[in-house]
There are 2 protein chains.
Amino acid sequence: MTIETVAVLSPGDMGHNYGIALDKAGFRIITCLDGRSERTKELALKANFEDVGSIDDVVREGDLILSIMPPANSEGIAKEIAKAMESTGSKPHFADCNAISPKTSKIVGTHIIGAGANYIDAGIVGPGPGTRERPTSMYVSGPNSKPVMDINGPHIEVIDLGAEIGKASAAKMCYAAITKGSWTLYTTALVAAEALGVSEQLHSALKQSRPSIWADIEKMLPRLPLDAGRWIGEMEEIAETMGAAGASSHFHRGAAETMELLDSTPIAKETRENYDKDRTLQQCLGIFAEHLPVKSASKN
Amino acid sequence: MTIETVAVLSPGDMGHNYGIALDKAGFRIITCLDGRSERTKELALKANFEDVGSIDDVVREGDLILSIMPPANSEGIAKEIAKAMESTGSKPHFADCNAISPKTSKIVGTHIIGAGANYIDAGIVGPGPGTRERPTSMYVSGPNSKPVMDINGPHIEVIDLGAEIGKASAAKMCYAAITKGSWTLYTTALVAAEALGVSEQLHSALKQSRPSIWADIEKMLPRLPLDAGRWIGEMEEIAETMGAAGASSHFHRGAAETMELLDSTPIAKETRENYDKDRTLQQCLGIFAEHLPVKSASKN
């Protein structure tokens, strides 16, 4: 079967960019906006999605379903989809593209496989397709990940990691462990320095000795609160992944705590479209420090 | 009083480089090698230290004592010095230059201040003086940190952070939180990837998307086990510092665990002088992964 219609659930920050890239590549793109936020509806409209109305219709009309959502919702949507597969008799391919641990991906997969459909473990590395020059990578693994290879194109680079469910998620988790782990590590040390009254010395030492880290700090920290809320769960999934591999799970418990801190600031209420780009790093650190102490992350 | 004789306890990796820089700057440099390792004795000889024999003699002959040792020994040596001050009646200035939390520095200070001497909180940022072009920074704070300003020179840049004991340690802790924190974070994710069979994808993604992080990984990870043993305690001091500031202490509990993992490998038995520089990053990761799972760090 050739893939002609791709369903994306849901067309949020990452999902709507997938829609734009797939639309450009000639696929019919569908979704279900029932119960979605106004912002997601706007993003879906911008991406040219067709709202087919119900999950049953998504399953009937889609050849491939991409689940792109916060980690905490990944199992719930898979259950809904599995139920719709059973009631409609349609069995499209289902790829979980969420930032979840290999273990969670295997659990999500049981619902889809239990409904008699093909489950593909997938993991997205990088920003939304089309938001930069080079393509966004998408790892896939599982007994039959070929259907996802059909969406390989100029903005989406699909990389096959073999037959084992969990490999794609593992690669995604380890990559995000470093990127989001380091941003939250920097935030933690900088906000502690702010609270301890040594920001000036720390900033000066980093500028001089670690210019590439300083550049990353200046670029990432002021916008981190915008995404922090939906990344708390991702950090918990990474902690689980590290622990299951026998490595320390503490770093990403810390990352979850720091994401919670950032999510508790007023900056977290802004969006990528409307956030205050003139706010300086120092102003952000002042705001973050006002919200100390961190609360213990829920899954510790 | 002008500083003429500087005592360094002990002249190990960092301490002997201090000796070399101070010797070049015209100071008389003394130490006490009683009970020290063969390696420390060799380093002391190389640096031209005069072994005065006992702690009492260090206190009698030194104008300024620099305590440069593993964090766990910082209070013990301060107690010994305080005792010697009381028995000899000599009260040289004492600077604790160790990687300890502001809280630990205050505790160390009570012994020196209790003996009637001047206590200076200090923190060293960067490699040993003279091992690179620009000077190594040394933060100092306390009611009278002027005596340490005397050793300011081409290889040692003394930076005064004011009258409060703890400020210098805080600045040092926050800086090391980022440098050693990020090296251990990278190690954790890379060793997990190795265990999960996704090293190839992770390395390739990092090389492409995070070249400066990849360069740091290639430079630092193979030699990290050489210092890991003496850095476990430093990571625990950082965890305490982060927690006391209200920030997450988890990152550096993880860093301590990963330092312990590295210290449990055979590479940890090599030294800076004799380690195998031809061992590749991939070989190192293989060795690290063989020593998983991490043990829970002692102070968790």
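1. A:Ser54 touches A:Cys32 and A:Asp34, leaving aside residues up to four places away in sequence. Contact here means C-beta atoms, placed from the backbone, within 7 Å. The model is predicted: local features need pLDDT of at least 70, side-chain atom pairs count only at pLDDT 80 or more, and totals for chains, interfaces and linings use all residues. Residues are numbered from 1 along each chain as its sequence is written, with chains lettered from A and ligands numbered from 1 in the order in which they are written.

2. A:Ser54 sits in the loop between strand S3 (50-51) and helix H3 (55-61) of chain A. Helices (H or I, at least four residues) and strands (E, at least two) are DSSP runs, numbered from the N terminus. The C-alpha atoms of A:Ser54 and A:Leu33 are 8.1 Å apart, with their positions 21 residues apart along the chain.

3. Is A:Ser54 buried or exposed? A:Ser54 is partly exposed, because 13 other C-beta atoms lie within 10 Å; 20 or more would make a residue buried, 12 or fewer exposed, with C-beta atoms placed from the backbone.

4. The chain contact takes 50 residues from chain B and 50 residues from chain A. On the chain B side, H7(B) gives the most, with 19 residues. By class, that side has 30 nonpolar, 16 polar and four charged residues. Ala, Val, Leu, Ile, Met, Phe, Trp, Tyr, Cys and Pro count as nonpolar, Asp, Glu, Lys and Arg as charged, the others, Gly among them, as polar.

5. A turn of 180° and a shift of 0.0 Å along the axis lay chain B on chain A with an RMSD of 0.0 Å. This is the relation of a two-fold axis. Superposition is by least squares on C-alpha atoms of residues with pLDDT of at least 70 in both copies. In chain B, the C-alpha nearest the axis belongs to B:Phe251, 2.0 Å from it.

Conventions:
Two residues are in contact if their C-beta atoms, placed from the backbone, lie within 7 Å.
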